[in-house]
Every structure is written in C-alpha cells, then in structure tokens.
Amino acid sequence: MKEWGSFDKITSAKGVWLIDSKGNKMIDGVASMWCNVWGHSNPQLVKAITTQSKKLQHSSMFNLTNEPAEQLAEKLVKISPGMYKVFYSDNGSSAMEIAIKIALQYWKNIGEKKKTEIATVKNGYHGDTFGAMSVGYVPEFFGKFKKQLFSTIQFPVPNKYRTPKGFTISDYQNYCLDKIENKLSKNNNIAAFIMESGAQVAGGVIIYPKGFQKKISQLCKKYGVLFVLDEIATGFGRLGSMIQYEKQKSIPDIVSYGKMLTGGYLTMAATLTNKKIYDSFLGEFNDWKHLFHGHTYTGNPIATAVANENLKMYQKNHLIKKIQKTSKIFEKFYQEISEIDIVGDIRHKGMLMGIELVKNKARKTPINPKKSINKIFFEEGKRNGIYLRTLGNIVMLVPPLAISEKELNLLLNRTIKTIKAARSKVI
Ligand SMILES: Cc1ncc(COP(=O)(O)O)c(C=O)c1O
C-alpha cells in the first residue's frame, strides 16, 4: 500500500476510454476488472437503468419476485443447456459460495450424508470470500488465511508453457486426468468437482487444452460427483463463446455467471442448477430442505433490468460473431510481442490475452523485481494511454468485448510500447 501515494481519480468514461480528473484518457485494457462489454456510457444500458429506476429500485426476493428478475431468469435458463433454475446474488464470490452450498446440501437433501468433500484444480480462482478462497487457492493471494480455509482435493492443470520435464502437453494432460480418475473412483465422499470453465484467468491465463474439461465432466458423471463450473470471467463471450461449457461439451450440474452479466454496469451474479438439484430442495416445511441463503440485493430490479437489455444487445448486435472476428487482431501481434526479450509466453483465447514475463527465456524464470510489477506497468501504461493491471508476472489484456478493431490495434501497439518501456525497471 505504501507504494501508492495517491490514486488517479476517474471522473467519466466513454466507450473504451477512461478519463481522469486531469482530462487524461486511457484505454480500459482490463474492461474495468474484466466485466465491461459495450464500453462505458452506452446509451441503451444507461436508459435501461434510468427507466427501471423510476419504476422499482429494489424490493426483496424473500417471498416476492419482480418482473425484470423473472425475465432474466427465463433468458439465462434458455441460453444455458441443461440448466433449470436461477439463484441471484450480487457478486461472483457470492455466486460461488452459493454454488458450493447448493452442491453440499444437495447430497444431504437426498440422504447421502458422507458426500462432503470437494475436489478442484490447483491455482484456480473463484473469489475472495472464505468458501471461494478454499476452492480457489492462489497461494500468493490466500496464503495468510490458509489455516482458516477448508481443505479440498486439488489436482494439477496442464499448462503448455510449464509442462513438467519429460512430458509432452498431451502426456501431461492424460497424467492429470488419470490422477483425477484414480481419486474419484476410490473416494466415494466427493460431493463436487469445482473449476473455472475454459481457462483459469486470475491464476495466470491458463487455457485448458482441448478435451480436458470435457473429460472431467465425464468422470464426474461416471463416479457420481456434481460438476460445478465457474463461468464468471470466461462466459458471455470472453473466450469467444456465449456459454463456454457448451463449447467445451461439458454440461455442469451447477454454473455461476457474473461480471459481464450486466454489461459491467451494475453488480450482479447468478448461480444456475439443473432440475435434479433444484428438485432435491423441494420438501415440506418440516423437512428443512430449502437453502438458507439470501442477500439484501438478491434479484435487484435495476441490475436485472440492465442485464436483460445487455442480453438483448448481445443478440441484436451478433456480439459473439463480432468477438470472433475482432479477436483475430491479437494474432497479428503474436510475433512482435514474443520477440521482446522478457516475454516468455503468450496465451490467448477470444478477448483474453496473458503475456508471461520472464527474466530468462531459456530457463523460463519469472521476473521478480523489488517493486510491484503491477505498479510499474500501471504507470508505464498510463504514460502510453492505457489502463493495465498485471497479475504477478502476467500482463493481462481483457478489453471491453465490443472494442473496435481499430481500438484493439491501438491497445496492442501501446501494450508493446509499455512492455518495452517497463523492461529496464523489471529486470
Ligand atoms: C473466475 C472467477 N470467479 C469468481 C470471481 C469473483 O467475482 P467477484 O469479484 O465479482 O466477487 C472472479 C473475479 O475475478 C473470477 O475471475
């Protein structure tokens, strides 16, 4: 904290541009924490908010419902193969806490009391609350709370750039999957397998190799383990598909959405389940089968209204097709970026790119300067008119999904300039 004397104040934003109190403009290179879809100050989304604000601002979902929340639930179920009902919350971490609680309680509801353990993959990230930290666990983020976190069974994830010696990536993928099968086949107490869908984002942009997620979903079915996916950062077009698990051919029992759900305008998340799970929560009052979970702002009408408008715009503007086209711009820059001597690896899918910085390309040693890499890149980025936030030694590019080709070219050119300018400070 001491490194940061003061913070720049953002006073307005338009399209992909953030504008500070001194009038400086920066491209929002991280979509305001990976959630912005259409750019800032979009008139249709603003109108959806103001229109709903005049009718009903908030009313509880305890015993009641509201029109925009119902409409959104219908839409979410429609676009999510295999899903049946929606549980709203107001941030991704809560959506994951809810997913964990639903998964654990499901087994209790059907009388399987021993199924209490949770399996997951190493280096995942599902949010900063205690349940989410337990199933995620990025050591640098959560190490100080390790004692308070509940234990999980963790499996390695294939990472092409850091495949252990002696393995090809496909050997290593099989090795990871064998480990999972071995455990699931022997341990009957595993309630759920929880993982990010398509890629680990905060854990360093680790894009799963083809078939990895699908095979885990099959193993879960085979061994009676609930399959729980986190699409909070990777769904809704971030990796180039609306529903990432559909693309990965791996239908979950429970899935969480967040971030892009409202276009990045209001805080909102959702946890969806299939019918089998929903039905297990139905019972007489005295059966105590219902889920004791609810937040003050669950199903907030303004947030759900803007989410409805956002989803309408996805369809109307063929956003997923547009993303698939725009994201090709990233590929044009692979060569130029990889030629920089501190760039070890580039990982890219859809509208997500991670550039891994290393001290030594041959040995793949991560850069490790005394000052935070985040601060160095933030300042250099700002000088080049872009807003960046690195994660460890990974420069993340996570632009607003509807960014134009011209703006994305500009962001990438400026990122290259920024890495080159920061080089001497981080090595
Ligand atoms: C995959 C994933 N899950 C959950 C979360 C937590 O979401 P929130 O920050 O809204 O609590 C994040 C946030 O970055 C995330 O990337």
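This conversation goes through a ligand shell and two helices, and asks what each description rests on.

Trainee: How do you know which residues to trust and how they are numbered?

Mentor: This is a predicted model, in which local features need pLDDT of at least 70 and side-chain atom pairs count only at pLDDT 80 or more, while totals for chains, interfaces and linings use all residues. Residues are numbered from 1 along each chain as its sequence is written.

Trainee: What makes up the shell around the ligand, by residue class?

Mentor: The shell holds 6 nonpolar, 6 polar and 2 charged residues, where Ala, Val, Leu, Ile, Met, Phe, Trp, Tyr, Cys and Pro count as nonpolar, Asp, Glu, Lys and Arg as charged, and the others, Gly among them, as polar.

Trainee: Why are Leu319, Ile323 and Thr326 of helix H12 called buried?

Mentor: A residue is buried if 20 or more other C-beta atoms, placed from the backbone, lie within 10 Å of its own, exposed if 12 or fewer, and partly exposed in between. Leu319, Ile323 and Thr326 in H12 (residues 319-326) are buried, and, seen down the axis of H12, the buried residues fall within an arc of 70 degrees, so they line one face of the helix. The arc is that of the directions from the helix axis to the C-beta atoms.

Trainee: Which exposed residues does the face turned away from the buried side of H12 carry?

Mentor: That face carries the exposed residues Lys321 and Lys325.

Trainee: Which residues of helix H15 are buried?

Mentor: In H15 (residues 373-383), they are Ile373, Ile376, Phe377, Phe378, Glu380 and Gly381. Just after H15, Gly385 takes a positive phi of about 75 degrees.

Trainee: What makes H15 a helix?

Mentor: Helices are DSSP runs of H or I with at least four residues, and strands are runs of E with at least two, numbered from the N terminus.
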